[in-house]
Amino acid sequence: MKIFSFVRRVKRFLNKFYFSTKIQKFAAMGKEKKVEKRQKNEQDASGKKYKKIREQNKRRGTSGYASSAKKEVVTEHPKFENIFVNKNKMDSIMTTNMVPGTSVYNEKRTSMTKNGKTIEFRHWNPYRSKLAAGIVCGLDDIFIKKGTKVLYLGAANGTTLSHVSEIVGEDTMIYAVEFSVRTGRDLINLAMKRKNIVPIIADARNPSAYRMLVPLVDTIFTDVSQFDQSRIVMENAQYFLKDGGNILISIKASCVDSSIPADQVFANEVNWLKKNEFKPLEQVTLEPYERNHALLVGMFKPGYKK
């Protein structure tokens, strides 16, 4: 009996050892297959990525890969002052970082050395900024450059505002109006780092409430997304914009009237503005960065009605 029990124990041990080693072998094979599959997927994705880059370079008249290891080339924008173009990042636009080493909305940063001095640039994302989208979509002039005093209506968290503050320079003030107290806190935190921003937590519908804080300005940029945004910007223009000053209005069609096509909304807004001392100069749609949006640029001319 003892011999039989011993044999059974040996068989049980051998079976257990055999199956455990077999399971380990299958597990190892499964891991190897997973690793091979992942590597293959990464190679396929990489190949598709660089194929797409080659096609884009071919359309732009360049050749080769857009390698991250390649030395980046930063040039001044041909149209706009204090805006730069990164030639190795699909011609993305950038501004000089006023506070080196920090980001405002987790945007990418690029550092370059010129004459022994390191300069840091912040990439301006057109998917996060309607003004950047307007520049990329072909605006001829934004009327914002070094020394331009700007009144910014609807500054929100300061995404676009931070780039505008770098365009006008440290010695020129920007007056940023925001109604929301929650986003106003972010705006105040931004102004603590950038000394040329004056945050104003107020309703842009009532410009008389902050008339003692804002002097005459050269340009008004508005992004309030309200059905009466044209009336809001013209009331502020009558208070704060100098004669012959310029206005940039970001129009969201669905906020004005969602029952008619976007093109009709834009045309109606332009016609209303023409009757209220606004001379339109340029209009661009912000596709594909913003759907059913347009950026309207014009001049404030008291007495001009058409």
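# A walk around the seven-stranded sheet

Start by selecting residues 278-285 and 293-300: these are strands E11 and E12, which pair in the antiparallel sense over seven bridges. Strands (E, at least two residues) and helices (H or I, at least four) are DSSP runs, numbered from the N terminus, and two strands pair if DSSP finds at least two bridges between them. What you have open is a predicted model, in which local features need pLDDT of at least 70, side-chain atom pairs count only at pLDDT 80 or more, and totals for chains, interfaces and linings use all residues. Residues are numbered from 1 along each chain as its sequence is written, and side-chain values use heavy atoms, with hydrogens and water left out.

**Stop 1: strand E12 and its partners**

Show Phe278 and Phe300 together: Phe278 stands opposite Phe300 in E12. Next, add strand E10 (residues 241-252), which pairs with E12 in the antiparallel sense over seven bridges. Here you can look for Ser250, which stands opposite Leu295 in E12. Is E12 largely enclosed or not? Seven of its eight residues are buried, so E12 is largely enclosed by the rest of the structure. Buried means under 20% relative accessible area, exposed means over 50%, and partly exposed is in between (1.4 Å probe, protein chains only).

Before moving on, select Pro288 in the loop between E11 and E12. The peptide bond from Glu287 to Pro288 is cis, with omega near 0°.

**Stop 2: the whole sheet**

Now bring in the other strands. Seven strands form an open sheet in the order E8-E7-E6-E9-E10-E12-E11, with mixed pairing. The edge strands are E8 (197-201) and E11, each of which pairs on one side only. Neighbouring strands of this sheet are turned by 15° against each other on average, direction ignored. As general background, strands of a sheet pair through backbone hydrogen bonds, either parallel or antiparallel.

For a parallel example, choose strand E7 (residues 174-178) and E8, which pair in the parallel sense over five bridges. Glu178 stands opposite Ile201 in E8.

**Stop 3: a pair of rings**

Which strands hold Tyr152 and Phe221? Tyr152 lies in strand E6 and Phe221 in strand E9 (residues 217-222), so the pair ties together parts that are 69 residues apart in sequence. A search of the whole structure finds five aromatic pairs. In the pair of Tyr152 and Phe221, the ring centres are 5.0 Å apart and the planes are at 55°, so the pair is tilted. Rings of Phe, Tyr and Trp (its six-membered ring) pair if their centres lie within 6.5 Å; planes under 30 degrees apart count as stacked, over 60 as edge-to-face and the rest as tilted. Tyr152 is buried at 2% relative accessibility, and Phe221 is buried at 1%.

**Stop 4: helix H5**

Select residues 229-240, helix H5, and find Tyr239 in it. Tyr239 is partly exposed, with a relative accessible area of 43%. Its C-alpha is 7.3 Å from that of Pro207, although the two are 32 residues apart in sequence. Leaving out residues up to four places away in sequence, Tyr239 touches Pro207, Ser208, Arg211 and Leu216; contact means heavy atoms within 4.5 Å. Ring pairs also link Tyr210, Tyr239 and Phe240 into a cluster.

Zoom out to see that H5 lies across E6, E9, E10, E11 and E12, running at about 160° to E10. Axes are lines fitted to C-alpha atoms, for helices over the stretch in contact, and angles run from 0 to 180 degrees between N-to-C directions.

Now add helix H7 (residues 262-274): the axes of H5 and H7 come within 10 Å and cross at roughly 30°. The contact is made by Ser230, Arg231 and Met234 of H5 and Glu269, Trp272 and Leu273 of H7.

**Stop 5: Ala156 and Thr183**

Go next to Ala156, in the loop between strand E6 (150-153) and helix H3 (159-168). Phi of Ala156 is near 55°, a positive value in a residue other than glycine. From there, select Thr183 in helix H4 (residues 181-193). Is Thr183 buried or exposed? Thr183 counts as buried, at 17% relative accessibility. Leaving aside neighbours within four places in sequence, Thr183 is in contact with Ala156, Asn157 and Glu178.

**Last stop: Asn106**

Finish at Asn106, in the loop between strand E3 (92-96) and strand E4 (109-114). Asn106 is exposed, with a relative accessible area of 77%. Its phi is near 60°, a positive value in a residue other than glycine.
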